[in-house]
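Please read the following explanation with the sequence and the 3D view side by side. It goes through the structure one region at a time.

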Amino acid sequence: PPLAPVPALAKVNTAALKRYFQETPIPIGETILGEAVKSGQALLVRDAREDPRLGANREDDILFVSSLIAVPLVVSKRVLGVISTLKRAENRHFQDTDFQHLKTFAEYASITIDNLYTYLEVLEKRQMEREVDIAAEIQQKLLPGELPRLSSGSLAAHSRPARGVSGDYYDVLPLDQDKVALLVCDVAGKGIPAALIMSTFR
């Protein structure tokens with residue numbers, strides 16, 4: 001149940017209560033859940049009737065809570081959410097062992113979430129690397145495949161991007177017999193933004 005006053009309909013209709021809870025943000029620092037997020041600390045309310053923060057809970061409706069534990073999920077010093085569990089039966093309260101068990105569970109859950117995020121970041125990095133490789137292959141094809149032969153001298157060119165792709169560009173344009181125009185460009189910056197400008201210029 002939400003730990004704050006709700007519309008009258010939500011007090012008597014479970015579906016309306018669930019919908020209200022899903023659609024109504026809890027400001028950080030407000031209600032016990034918001035406090036757990038702001039402080040990053042687990043909270044135990046052994047007897048809700050003695051806690052003024054749960055004044056909206058009444059024994060005659062579905063908002064009643066007799067005891068509550070709220071434990072933040074912390075990953076890399078960042079709070080992602082809160083695990084909250086409660087007792088609704090009158091005079092049934094959580095004990096210190098329950099509190100310790102839920103904190104231990106939250107620690108394992110946080111480690112699992114952190115591992116999942118790390119795994120997803122690795123997958124995303126690999127995908128980006130594949131895309132950069134494809135972009136580098138396309139960019140390489142924008143450079144001249146072979147250079148003109150000259151009787152009065154020789155030409156050679158080499159370009160190696162610092163980050164897979166770059167803003168460097170060169171070309172050799174034949175003008176007439178034994179004359180060429182050399183074009184060398186360097187877009188400011190590195191990586192994909194510079195490569196996009198280079199390809200547009202090409």
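Ser76 lies in the loop between S2 and strand S3 (78-87), where helices (H or I, at least four residues) and strands (E, at least two) are DSSP runs numbered from the N terminus. Ser76 counts as exposed, at 63% relative accessibility; here buried means under 20% relative accessible area, exposed over 50%, and partly exposed in between, with a 1.4 Å probe and protein chains only. The phi of Ser76 is near 50°, a positive value in a residue other than glycine.

This is a predicted model, in which local features need pLDDT of at least 70 and side-chain atom pairs count only at pLDDT 80 or more, while totals for chains, interfaces and linings use all residues. Residues are numbered from 1 along each chain as its sequence is written, and side-chain values use heavy atoms, with hydrogens and water left out.

Thr31 also has a positive phi, of about 65°, although Thr31 is not a glycine. Thr31 is placed in helix H3 and is partly exposed, with a relative accessible area of 22%.

Strand S2 (residues 67-75) contains Ser67, which is buried, with a relative accessible area of 0%. The side chain of Ser67 reaches the backbone oxygen of Arg46 at 2.8 Å and the backbone nitrogen of Phe94 at 2.9 Å. Leaving aside residues up to four places away in sequence, Ser67 touches Val45, Arg46, Ala48, Thr85, Leu86, Lys87, Arg92, His93 and Phe94, contact meaning heavy atoms within 4.5 Å.

Turning to the interior, the largest nonpolar core has 10 residues, including Ile32, Leu33, Val45, Ala48 and Leu68; such a core is a set of buried Ala, Val, Leu, Ile, Met, Phe, Trp, Tyr and Cys residues joined through side-chain atoms within 4.5 Å. Helix H3 (31-39), strand S1 (43-45) and S2 each supply at least two residues of this core, and its largest share, three residues, comes from H3. A second, separate core of nine residues includes Ile69, Val71, Leu73 and Ala109. In soluble globular proteins, nonpolar side chains tend to be buried together.

On the surface, Leu116, Tyr117, Tyr119, Leu120 and Leu123 make a nonpolar patch of about 470 Å². Patch residues have over 30% relative accessible area and no salt bridge, and nonpolar side chains (Val, Leu, Ile, Met, Phe, Trp, Tyr) are joined within 5 Å, like charges within 9 Å. Tyr117, one of the patch residues, is found in helix H4 (residues 96-142) and is partly exposed, with a relative accessible area of 34%.

Note on methods:
Accessible areas come from the Shrake-Rupley method with a 1.4 Å probe; for residues, only the protein chains shown count as cover. A salt bridge is a side-chain nitrogen of Lys or Arg within 4 Å of a carboxyl oxygen of Asp or Glu. A polar contact is a pair of N or O atoms within 3.5 Å; within protein, one must be able to donate a hydrogen and the other to accept it, and residues adjacent in sequence count only if both atoms are side-chain atoms.
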